[in-house]
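Welcome! Here is a set of short exercises, each with a worked solution, to help you find your way around a new structure. Try each task yourself before you read on.

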Amino acid sequence: MAKINDYYQKKQLMEKLAAELEQLEKDQALKRELEFEKKVRGLMKEYDKSPKDVLQILSAIDPSITAAKAETASAGSRPKRPLKIYKNPHTGEVVKTRGGNHKTLNEWRDKYGKEAVQGWLQD
């Protein structure tokens, strides 16, 4: 019986969403936004430009766009550390890490020495 209840709940949800979608499709503001998006995408395709290219062009026109983007980017994100790959020549085991405090690497350093393990770093 649980499946039939789930079926009818999902069916009601689909009907509700279909009604909301129909209402949105009648909205003139949405129609204008969709038309604008279509034209922008057409221009991007015609001139072989990516969204990033468009943002660069817009930021040249209005520098506040770049400032707003920089504020959101600097709010806690920093570049990732490079991925380092170590391969133990004795066991063939591979460790991929972005930091130096890795359990297996520390074990290897204790057993084989720090310089030896650093020499196992792959290019």
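Please keep in mind that this is a predicted model.

**Exercise 1. Find D6, and decide whether D6 counts as buried, partly exposed or exposed.**

Solution. Step one is the location: D6 sits in helix α1. Step two is the accessibility, which for D6 is 37% in relative terms. Partly exposed covers the range between under 20% (buried) and over 50% (exposed), so D6 counts as partly exposed at 37%. As an extra step, look for R78, which is 72 residues from D6 along the chain. The C-alpha atoms of D6 and R78 are separated by 44 Å.

**Exercise 2. Work out how helices α1 and α2 are oriented towards each other.**

Solution. Begin with the extents: α1 covers residues 2-26, and α2 covers residues 28-46. Next, take the geometry of their packing: the angle is about 75°, and the axes lie 5 Å apart. Angles from 65 to 115 degrees count as roughly perpendicular, and α1 and α2 are therefore roughly perpendicular to each other. Now see who takes part: from α1 come L24, E25 and K26, and they meet Q28, L30 and K31 of α2. By character, the residues of this contact comprise 2 nonpolar, 1 polar and 3 charged.

**Exercise 3. What is notable about the phi of D48?**

Solution. First, place the residue: D48 belongs to the loop between α2 and α3. Then recall a general point: most residues other than glycine have a negative phi. D48 is a residue other than glycine with a positive phi, near 50°. Finally, check the surroundings: D48 has a relative accessible area of 68% and is exposed.

**Exercise 4. Is S59 buried or exposed, and which residues does S59 contact beyond its neighbours within four places in sequence?**

Solution. Start with helix α3, residues 51-61, where S59 is found. The relative accessibility of S59 is 18%, so S59 counts as buried. Once neighbours within four places in sequence are set aside, S59 is in contact with I65 and T66.

**Exercise 5. Describe the hairpin of β1 and β2.**

Solution. Take the pairing first: β1 (residues 84-87) and β2 (residues 94-97) are antiparallel, with 4 bridges between them. Two of the partners can be traced by name: Y86 is bridged to V95 in β2, and I85 is bridged to K96 in β2.

Then follow the side chains along β2, which alternate. V95 and T97 point to one face and are buried, whereas V94 and K96 point to the other face and are not.

Last, look at the link: 6 residues lie between the strands, and G92 has a positive phi near 80°. G92 is in the loop between β1 and β2, and is partly exposed at a relative accessible area of 37%. For a sense of distance, compare G92 with P63: they are 29 residues apart in sequence, and their C-alpha atoms are 52 Å apart in space.

**Exercise 6. Which residues of helix α5 are buried, and what do the buried residues pack against?**

Solution. In α5, residues 103-112, the residues T104, L105 and W108 are buried. Viewed down the axis of α5, the buried residues fall within an arc of 100°, so they line one face of the helix. The general reason helps here: an α-helix has 3.6 residues a turn, so residues three or four places apart point the same way. On the other side of α5, K103 and D110 are exposed.

The next step is to find the packing partners: the buried residues of α5 pack against β1, β2 and α6 (114-118). To finish, step past the end of α5 to G113, which follows the helix and has a positive phi near 100°.

Technical notes:
Residues numbered from 1 in each chain as written. Predicted model: local features only at pLDDT ≥ 70, side-chain atom pairs only at ≥ 80, totals over all residues. Heavy atoms only, no water. Pairing = 2+ DSSP bridges. Axes fitted to C-alpha atoms, helices over the stretch in contact; angles between N-to-C directions. Parallel < 35°, antiparallel > 145°, perpendicular 65-115°, else oblique. Contact = heavy atoms within 4.5 Å. Nonpolar A, V, L, I, M, F, W, Y, C, P; charged D, E, K, R; others polar. Buried < 20%, exposed > 50% of the residue type's maximum accessible area, 1.4 Å probe, protein only. Arc of directions from axis to C-beta.
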